Each structure stands twice: as structure tokens, then as C-alpha cells.
Amino acid sequence: LLLLRLLDPLLPCTGELTIDDVSLLTIDRSTLRRRIIAVPQDSTFFPDGTPFLKNLDPFNVANEEECQAVLEMTGLWALVSERGGLTAGLSADGLSHGQKQLFNLARAVLRRRVHARHLDAEIGDAYIKSRTSAAEAPGDTGVLILDEVNRGVDMATQKAMQDIIRREFAGYTVVMVSHGLEMIMGFDKVFVMDEGRLVEEGKPTQLVDKVDSRFRELWMVGKREVLSVAE
């Protein structure tokens, strides 16, 4: 909420909210929200019957080829195709929870790709040809916020989402809020919160091996729950 300026901090904290040393309070809210890509925990769709295309690209900034490509990448194109294609009406009740989360992620990937395309056009073909990988493109840097995106989805969907995030947002700073710990072991840093207070921070692969770590305690509880379900 603070990063997107849906809330503003109290005055004593205003100097600490920065991205690349730029205070978020100096950036217009609409501009800030266009530049930060956020995937919420609750999937939001237009009323039933609104085309898949409108739900995926509400501001009409992408072409149909780009929309189809991100749906193929997230494994949703077969479903969309079976239901009539991008111009067919979407009913949110006809999607599973995992499919809704993948659709959310497809929106985020589409935003990144369109942003990268626009920057490529500004910089020119010479730069595009000189780089050796897509991750070198300036459009592939930014901030991605993930809010409980893995909540309630099965392990196969979590793995698919994790692979997509790592591949598509390789140059991004990814901030993820999560109660489930399955997706976060590959992150650089974890912050453990308890009743709104920071109680521990560090690299997850190190904290999980620390005997008195709060993160290790949560990790072991999660492991026991998984074993219990498997049994």
C-alpha cells in the first residue's frame, strides 16, 4: 500500500520511502502505479461476458499477438482458444483458482513486455541488436510486487508461476508477501513479521539452518503440514 501510495507514511518516515534514491512522495500517483507492476492476491475481472482480451489488456496497449504469447507462456491459451479466443466473453466462475492466478500473472508479464517494447522503440535497433539476451533490455528492470500469489494454488501451479517470474522478471526487484514459504527460498532476503513488527531478516537459505531462527520455525511447521497432508 505504501509503495503504490494507496497510503502515505506518517511524517517521521517520509524520507525513507525511495526507489533508486527518488522519494516516492515526489512521484505522481498515477505515474508511480504505471511503473510498478503489482499482482494482487485476489483476482479481479470485468463483469461476465467481457472479452478475454479486455480482461488481459484493459488499457488496450498490446496487440493480439502479444496477448496470445503471454497466454501460451502461462499455459492458458488452450483454455482461451477452446472458449472462442481472445474476443470471446470470459466468465470468472469458469476458471479455477490456479487459472485465475495465472491470468493475473499473465497481465503482469504483458505489462512488462509492452513497457520493454516501448523502450526498445525509443532507444533504437542498434541497441537491440547489440544486447545478448532479453534480460539486458532496460525495459526488464523495475519493481514487481507479488501479494500472496501462491495462496491456495497447488504445487504444480506454484512451480509454473515461480519459473515464469524468474524468467520474465530476471532484472526486476521482486517484493513478495507470502504466508507460504515454498516460493521464497530463492530470494535474496526475507523479512519475518510478527503482529506488524519486523522480528528477523536475512538470507532464507541461511536462516533455515539457524537453530533459533523464527524463519526456521515457520519453515519446519510448513514442512510438518505438508507431510501430514501427504500421509
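The following paragraphs describe the predicted model of one protein chain, from its overall confidence to single residues.

Residues are numbered from 1 along the chain as its sequence is written. Because the model is predicted, local features need pLDDT of at least 70 and side-chain atom pairs count only at pLDDT 80 or more, whereas totals for chains, interfaces and linings use all residues, and side-chain values use heavy atoms, with hydrogens and water left out.

The pLDDT, which is the predictor's confidence in each residue on a scale from 0 to 100, averages 85 over the protein chain, and 87% of the residues score at least 70. Among the elements, helix α2 (residues 52-56) has the highest mean pLDDT, 97, and helix α6 (residues 125-130) the lowest, 52. Over residues 132-139 the pLDDT stays under 50, and the model has 16 contacts for them beyond four places in sequence, a contact meaning heavy atoms within 4.5 Å. Residues 225-231 also have a pLDDT below 50, and this stretch has zero contacts beyond near neighbours in sequence. Where pLDDT is low, the predicted coordinates should not be read in detail.

The secondary structure comes to nine helices and seven strands, where helices (H or I, at least four residues) and strands (E, at least two) are DSSP runs numbered from the N terminus. Of the 231 residues, 36% count as buried; buried means under 20% relative accessible area, exposed over 50%, and partly exposed in between, with a 1.4 Å probe and protein chains only. Among the contacts with a separation of 6 or more, 62% are between residues 24 or more positions apart.

A nonpolar core is a set of buried Ala, Val, Leu, Ile, Met, Phe, Trp, Tyr and Cys residues joined through side-chain atoms within 4.5 Å. The largest such core has 46 residues, of which L56, L71, F103, L144 and F215 touch the most other members, and α5 gives the most to this core, with eight residues. Apart from it lies another core, of seven residues, including L4, L17, L32 and I36. Leaving aside neighbours within four places in sequence, L144 is in contact with I37, V39, I165, F169, Y172, T173, V174 and V175. Helix α5 (residues 97-123) also holds Q101, which is buried, with a relative accessible area of 1%. Beyond four places in sequence, the contacts of Q101 are with P40, Q41, S43, E148, V149, V153 and M161.

The lining of the second largest pocket includes at least two residues from each of α1 (29-35), α5, β4 (142-147) and β5 (172-177), and α1 gives the most, with three residues. Turning to single residues, D20 is found in the loop between β1 and β2 (22-23) and has a positive phi near 50°, although D20 is a residue other than glycine. D20 is exposed, with a relative accessible area of 72%. R5, in the segment before β1 (18-19), likewise has a positive phi, of about 60°, and is not a glycine, but R5 counts as buried, at 10% relative accessibility. In the loop between β7 (197-202) and α8 (204-207) lies K203, which counts as partly exposed at 35% relative accessibility. K203 touches F187 and D188, not counting residues up to four places away in sequence, and the C-alpha atoms of K203 and G186, 17 residues apart along the chain, are separated by 9.1 Å.
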